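Trainee: I would like a close look at one part of this model, the sheet and what is packed around it. Please take me through it piece by piece.

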Amino acid sequence: MPSLQHTRRRIGSVKNTQKITKAMKLVSAAKLRRAQERIFAARPYADQMAALQAQLSRRAAPTSHPLMRRREGTRVELVVVSADRGLCGSFNAQMFRQATELAGRLEAEGRTVTLTTIGKRARDFFRRRRWPITKSWLQLFDRLQFDQANAIAQELIGLFTSGERAEVRLLFTEFRSVVTQRVTGQILLPVGASSPEATAASPTTAESRSGGYLYEPEEDQLLAELLPRAVAVQLFRALLESAASEQGARMMAMDSASRNAGQMINRLTLIYNKTRQAAITKELMDIVGGSEALR
């Protein structure tokens with residue numbers, strides 16, 4: 001049976017750990033509220049932008065803009081969004097499992113996969129894997145702004161328009177609720193490739209492509225301004241979703257850790273009391289035995 005001093009030290013250590021996990025839960029809850037406000041504010045705009053993008057890609061000719069053009073080639077850029085820190089349950093592990101499975105499926109189809117990682121955890125995980133990393137973006141989530149997402153989008157657009165990549169795919173964690181987050185994937189480039197409407201329609205005439213729309217300014221100018229911004233908006237939304245999901249997962253993980261620490265403290269306290277009771281009983285028996293021997 002462990003000594004009283006050893007058990008007291010363990011109880012103190014677990015109590016200190018519980019204080020840390022409770023503090024981290026409170027911090028994550030505060031960050032989650034701010035992240036939820038941002039994602040709830042950004043979703044309507046991002047949804048409308050995606051709907052407009054799908055309509056334009058359906059009605060415009062595939063050659064109307066370089067971002068809509070299907071390219072020959074096998075090189076695929078996979079953008080993986082993870083967290084910069086751990087202690088958030090299975091948040092990062094789920095993302096890495098899905099990304100590894102997707103990269104394996106693409107390779108089985110004869111595609112060549114390279115990675116753009118967002119978040120320190122994704123960089124550390126994939127630099128020990130067989131897929132080369134084109135670029136890593138770190139420490140974005142502390143002060144996440146649209147300009148950062150736009151910079152990443154411009155890098156990806158450059159890879160696509162230069163012909164170095166035939167396709168760009170995005171993998172991120174969608175925030176559903178505090179207890180539910182889902183890994184989601186989409187084709188970022190070419191624009192409209194992930195839209196069933198865009199792939200189902202195959203316009204053959206200028207009239208069918210226009211679909212009754214009058215463009216002001218001209219179609220080329222409109223697409224040149226709208227499509228790069230649409231890509232940046234979708235990427236910014238993915239970063240906001242991932243940031244909210246990370247805080248939700250961390251809050252739940254710290255809540256579970258705090259409860260587990262409380263249960264461990266109760267078990268250790270019971271062991272401590274039993275050990276102390278046994279020691280007291282032994283001392284009493286020694287006293288009684290000595291007293292009987294003196295009679």
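Mentor: Start with strand 1 (residues 75–81) and strand 4 (residues 167–175), which pair in the parallel sense over 5 bridges. Keep in mind that this is a predicted model. One bridge to pick out joins Leu78 to Arg169, its partner in strand 4. Strand 1 also pairs with strand 2, again in the parallel sense, here over 7 bridges. On that side, Val80 stands opposite Thr117 of strand 2. In general, strands of a sheet pair through backbone hydrogen bonds, in either a parallel or an antiparallel sense.

Now the whole sheet. It is open and has 5 strands in the order 3-2-1-4-5, with mixed pairing. Strand 3 (133–137) and strand 5 (181–189) stand at the edges; each has a single partner strand, so one side of each is left without a neighbour in the sheet. On average, neighbouring strands are turned by 20 degrees against each other, direction ignored. As for strand 1, 6 of its 7 residues are buried, so this strand is largely enclosed by the rest of the structure.

Part of what packs on the sheet is helix 2 (residues 91–108). Helix 2 lies across strand 1, strand 2 (112–118), strand 4 and strand 5, and runs at about 155 degrees to strand 4. Leu106 is a useful residue to follow in this helix. At 2% relative accessibility, Leu106 counts as buried, because the cut-off for that class is under 20%. Leaving aside residues up to four places away in sequence, Leu106 touches Val76, Arg111, Val113 and Arg169. Arg169 is the residue already met as the bridge partner of Leu78. Leu106 and Arg75 are 31 residues apart in sequence, while their C-alpha atoms are 9.8 Å apart in space.

Next, the loops that adjoin these strands. Leu87 sits in the loop between strand 1 and helix 2. Its phi is near 55 degrees, a positive value in a residue other than glycine. Leu87 counts as exposed, at 56% relative accessibility. Gln139 belongs to the loop between strand 3 and helix 4 (146–161). The phi of Gln139 is near 55 degrees, again positive in a residue that is not glycine. With 46% relative accessibility, Gln139 counts as partly exposed. After strand 5, the loop leading to helix 5 (196–200) holds Pro190. The peptide bond from Leu189 to Pro190 is cis, with omega near 0 degrees. For background, most residues other than glycine have a negative phi, and most peptide bonds are trans.

Last, a look at helix 7 (residues 219–294), which contains Ile287. Gln247 is found in helix 7 as well. At 10% relative accessibility, Gln247 counts as buried. Its contacts, not counting residues up to four places away in sequence, are Ser28, Lys31 and Leu32. Ile287, by contrast, counts as exposed, at 58% relative accessibility. Together with Ile280 and Leu284, Ile287 makes a nonpolar surface patch of about 290 Å².

Key. Residues are numbered from 1 along each chain as its sequence is written. This is a predicted model: local features need pLDDT of at least 70, side-chain atom pairs count only at pLDDT 80 or more; totals for chains, interfaces and linings use all residues. Side-chain values use heavy atoms; hydrogens and water are left out. Patches are made of residues with over 30% relative accessible area and no salt bridge: like charges are joined within 9 Å, nonpolar side chains (Val, Leu, Ile, Met, Phe, Trp, Tyr) within 5 Å. Accessible areas come from the Shrake-Rupley method with a 1.4 Å probe; for residues, only the protein chains shown count as cover. A salt bridge is a side-chain nitrogen of Lys or Arg within 4 Å of a carboxyl oxygen of Asp or Glu. Helices (H or I, at least four residues) and strands (E, at least two) are DSSP runs, numbered from the N terminus. Buried means under 20% relative accessible area, exposed over 50%, partly exposed in between (1.4 Å probe, protein chains only). Contact means heavy atoms within 4.5 Å. Two strands pair if DSSP finds at least two bridges between them. Axes are lines fitted to C-alpha atoms, for helices over the stretch in contact, and angles run from 0 to 180 degrees between N-to-C directions.
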